[in-house]
Protein chains: 2
Amino acid sequence: MYELYYWPGFPGRGEFVRLALEAGSIPYRDVACEEGAREIVARGLAEPCSTPPYAPPYLVADHMIIGQTANILLYLGEKHGLAPKDSAGRLWVNQCQLTIADITVEAHNTHHPIGSIAYYEEQQAEALRAATSFRANRIPKYLTWFERILAHRGDWLAGHSWSYADLSLFHLIEGLRFAFPRRMATVARDTPKVMALRDAVASLPQIAAYLASDRRQPFSNGVFRHYPELDGE
Amino acid sequence: MYELYYWPGFPGRGEFVRLALEAGSIPYRDVACEEGAREIVARGLAEPCSTPPYAPPYLVADHMIIGQTANILLYLGEKHGLAPKDSAGRLWVNQCQLTIADITVEAHNTHHPIGSIAYYEEQQAEALRAATSFRANRIPKYLTWFERILAHRGDWLAGHSWSYADLSLFHLIEGLRFAFPRRMATVARDTPKVMALRDAVASLPQIAAYLASDRRQPFSNGVFRHYPELDGE
């Protein structure tokens with residue numbers, strides 16, 4: 001059985017992997033739900049290993065330790081049919097995933113523009129400027145890019161049904177709506193296809209069941225954080 | 001023949017792809033070297049397409065348009081044997097590449113912590129703080145991670161000879177040495193294996209020939225930038 005290692009207390013980047021496992025009905029041990037999760041994850045990072053992860057999430061699978069979110073999804077996608085099988089489709093889904101990873105980094109940067117080592121309160125002045133720029137320029141640019149793809153391709157990012165990148169786009173939208181509810185209300189008007197995809201993912205039976213379960217952790221102080229002063233229309 | 005689309009004037013993220021093409025002796029058209037490159041690249045980004053790149057670099061190959069640096073390298077690695085052929089090795093090289101991409105984003109963030117839309121001069125105060133944190137915490141953490149891998153595995157990140165991730169690590173080190181020469185002189189003392197890998201890549205016949213050619217562009221105002229005030233021991 002797969003073992004997913006990620007920090008407890010918020011969905012974060014681990015959620016991109018969790019959604020793929022849940023949507024694919026793939027059994028897994030979720031270390032974040034266990035007692036002492038933080039220590040278990042930290043211990044795993046420090047263990048001697050020929051493929052050490054730099055940071056969580058990491059997945060223990062088939063005698064491998066696989067790090068980097070997009071890399072874990074590439075593996076799961078190929079193995080469990082969560083992405084197209086042909087080379088072009090597989091690369092395209094990976095490309096979408098990496099672009100979702102890019103905006104996720106930028107979303108984190110809005111509350112920690114100076115660095116992760118200092119608290120938000122120590123970089124709030126810089127965060128106000130970074131968030132203003134992210135809201136005005138970056139959210140619309142990224143979400144318009146996804147809107148353009150869906151206008152060209154149809155309901156899903158690749159093929160005729162969902163892939164792991166669609167699940168990740170759902171999580172991105174949820175995270176942005178949590179962090180920037182006022183801004184996202186405005187942007188949603190210009191990106192109806194992205195919002196429809198978000199709803200379609202939420203309605204997948206496996207995902208709907210997962211979201212209603214206690215395995216789903218609420219957003220709090222992970223990658224996506226809600227500081228009202230960083231939001232705006 | 002492959003066509004590599006990237007901004008002209010600096011190596012940037014395009015260089016990760018360029019080094020793989022050069023080391024693999026793979027012929028390619030380098031749009032950055034052509035007149036009107038900026039317009040050609042921008043036009044390509046705007047063209048209707050079922051797999052639009054969000055940003056350069058992108059590669060036109062086998063009737064595909066492939067975006068995202070790590071994704072392009074995944075494709076080239078599989079097709080031209082620039083990475084191990086087995087699944088575990090292929091995933092590991094991708095994992096290394098994505099970690100190199102992460103520190104590259106953080107390096108860019110040191111001179112543009114507020115956002116790419118504003119000039120460096122408009123965010124210099126924030127950049128001074130961000131660079132201090134990056135130099136103190138992030139450079140050592142990332143490079144020590146690579147040092148630990150090489151201590152465990154030998155001369156290269158994967159297998160018994162170079163992969164595209166080794167070429168990218170070379171470019172990362174070159175970029176960091178350009179941007180933060182004083183800091184890197186200090187860090188190099190603690191990461192001798194990483195520095196030896198850098199030298200080994202520079203000595204590969206194809207790479208040595210490339211570096212001596214006029215195809216190699218000098219560092220300037222790309223991802224890696226040298227502002228003396230952002231550097232320190």
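These exercises, each with a worked solution, deal with a predicted model of two chains.

**Exercise 1. Find the symmetry that relates chain A to chain B.**

Step 1. Superpose the chains. Chain A falls on chain B with an RMSD of 0.0 Å.

Step 2. Read the operation. The turn is 180°, and the shift along the axis is 0.0 Å.

Step 3. Name it. This is the relation of a two-fold axis.

Step 4. Locate the axis from chain A. Pro113(A) has the C-alpha of chain A nearest the axis, at 2.7 Å.

Step 5. Check the surfaces. Both copies use the same surface: 100% of the contact residues of chain A recur in chain B.

**Exercise 2. Describe the side of chain A that touches chain B.**

Step 1. Count the residues. On chain A, 38 residues are in contact with 38 residues of chain B.

Step 2. List the elements of chain A that each give at least two residues. They are strand E4 (64–67), helix H3 (69–80), helix H4 (87–111) and helix H5 (124–153).

Step 3. Pick the top contributor. H5(A) gives the most, with eleven residues.

Step 4. Sort this side of chain A by class. It has 21 nonpolar, 13 polar and four charged residues.

**Exercise 3. Work out how the two domains of chain A meet.**

Step 1. Set the bounds. Domain 1 of chain A covers 2–80, and domain 2 covers 87–204.

Step 2. Place the centres. Taken over C-alpha atoms, they are 21 Å apart.

Step 3. Count the contact. Each domain of chain A puts in eleven residues.

Step 4. Look at the domain 1 side. Helix H1 (14–23) and H3 of chain A each supply at least two residues. H3(A) has the largest share, six residues.

Step 5. Sort the domain 1 side by class. Eight residues are nonpolar, two polar and one charged.

**Exercise 4. Locate the cis peptide bond in each chain.**

Step 1. Recall the background. Most peptide bonds are trans.

Step 2. Take chain A. The bond joining Pro56(A) and Pro57(A) is cis, with omega about 5°. Pro57(A) sits in the loop between helix H2 (37–46) and strand E3 (58–61) of chain A.

Step 3. Take chain B. The bond from Pro56(B) to Pro57(B) is cis, with omega near 5°. Pro57(B) lies in the loop between H2 and E3 of chain B.

**Exercise 5. Are Asp62(B) and His63(B) buried or exposed?**

Step 1. Note the backbone. Phi is near 50° at Asp62(B) and about 65° at His63(B).

Step 2. Place the residues. Asp62(B) is in the loop between E3 and strand E4 (64–67) of chain B. His63(B) lies in the loop between E3 and E4 of chain B.

Step 3. Apply the cut-off. A residue is exposed if 12 or fewer other C-beta atoms lie within 10 Å of its own.

Step 4. Conclude. Asp62(B) has 11 such atoms, so it is exposed. His63(B) has 6, so it is exposed.

Note on methods:
Residues are numbered from 1 along each chain as its sequence is written. Chains are lettered from A and ligands numbered from 1 in the order in which they are written. This is a predicted model: local features need pLDDT of at least 70, side-chain atom pairs count only at pLDDT 80 or more; totals for chains, interfaces and linings use all residues. Copies are superposed by least squares on the C-alpha atoms of residues with pLDDT of at least 70 in both. Two residues are in contact if their C-beta atoms, placed from the backbone, lie within 7 Å. Helices (H or I, at least four residues) and strands (E, at least two) are DSSP runs, numbered from the N terminus. Ala, Val, Leu, Ile, Met, Phe, Trp, Tyr, Cys and Pro count as nonpolar, Asp, Glu, Lys and Arg as charged, and the others, Gly among them, as polar. Domain bounds come from an automatic or database domain assignment. A residue is buried if 20 or more other C-beta atoms lie within 10 Å of its own, exposed if 12 or fewer, and partly exposed in between; C-beta atoms are placed from the backbone.
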